[in-house]
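Reader: I'm a first-year student, and I'd like a close look at a single part of this model. Please pick one helix and walk me through it.

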Amino acid sequence: MKKLVSIIVTALIGLVAVVDGYWFFSKNITKTTTLATASSSSSASQRSSSVTSTVQSSDTLEASSVSGSSSTGSSGYKDGTYTGKSIATQWGNVQVQVTVSSGQISNIIMLKSTSSDGAGRSHQIDSIAEPIYISEAKSANSANIQAISGATETYDGFTNSLQNALTQAV
């Protein structure tokens, strides 16, 4: 009889933990979405630290094309548009295209993204993380940026594809 009670109590504790985790997880998705639509006057680093705190609860090569010119800026990058390799991640492929103007990164486009299917938790995380990664890479003028907790697969794919494109621009 003691064993049966012990098993039931253990199962109930486990069930409470799962329900509590689900509630916490769902609540953070709402907060995270709210952060994504917050005022554009806050800096990318402020958004990054806010997203890091809310996304932490997450469970969580193809040919390159190049078109460039001979003009280079102070960073050593040649002006032009460069496409990085498609990087395979656990949640899908990531590929970026970077435009360099006056030696500086002027634009980054996500050609492939782990959230390309437009559904699920990966999409929710990436819809917040990708704009931050793009903004941080432009500010740093390199692929040397910080990862957002909970979006490390996207970070790995993004930074590797971006570094490949920037290597082509040197």
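**A close look at helix α3**

Author: Start with what is buried. In α3, the buried residues are Arg121, Ile125, Asp126, Ile128, Ala129, Glu130, Ile132, Tyr133, Ile134 and Ala137. Keep in mind that this is a predicted model.

Now look at the spacing. An α-helix has 3.6 residues a turn, so residues three or four places apart point the same way. With that in mind, go back to the list: Ile125, Ile128 and Ile132 are among the buried residues of α3.

Next, the helix as a whole. α3 covers residues 120-140, which makes 21 residues. From first C-alpha to last, α3 reaches 30 Å. That is close to the 30 Å expected at 1.5 Å a residue. Still, α3 has a bend of about 35° at aspartate 126. Aspartate 126 is also one of the buried residues. Then comes the end of the helix. Just after α3, asparagine 141 takes a positive phi of about 55°.

Where does α3 sit in the chain? The order from the N terminus is α-α-β-β-β-β-β-α-α. That gives four helices and five strands. The chain has 170 residues, and 35% of them count as buried. About 9400 Å² is exposed, with 57% supplied by carbon and sulfur atoms.

For a buried residue in a strand, try tyrosine 82, which is placed in β2 (residues 78-83). Tyrosine 82 has a relative accessible area of 1%, so it counts as buried. A polar atom of its side chain lies 2.9 Å from the backbone oxygen of lysine 78.

Definitions and conventions: Residues numbered from 1 in each chain as written. Predicted model: local features only at pLDDT ≥ 70, side-chain atom pairs only at ≥ 80, totals over all residues. Heavy atoms only, no water. Helix = DSSP H or I, 4+ residues; strand = E, 2+ residues; numbered from the N terminus. Expected span 1.5 Å × (residues − 1). Bend = angle between axes of the 7 residues up to and from the residue. Buried < 20%, exposed > 50% of the residue type's maximum accessible area, 1.4 Å probe, protein only. Polar contact = N/O pair within 3.5 Å; in protein donor to acceptor, adjacent residues only side chain to side chain. Areas by Shrake-Rupley, 256 points an atom, 1.4 Å probe, with all protein chains shown as cover.
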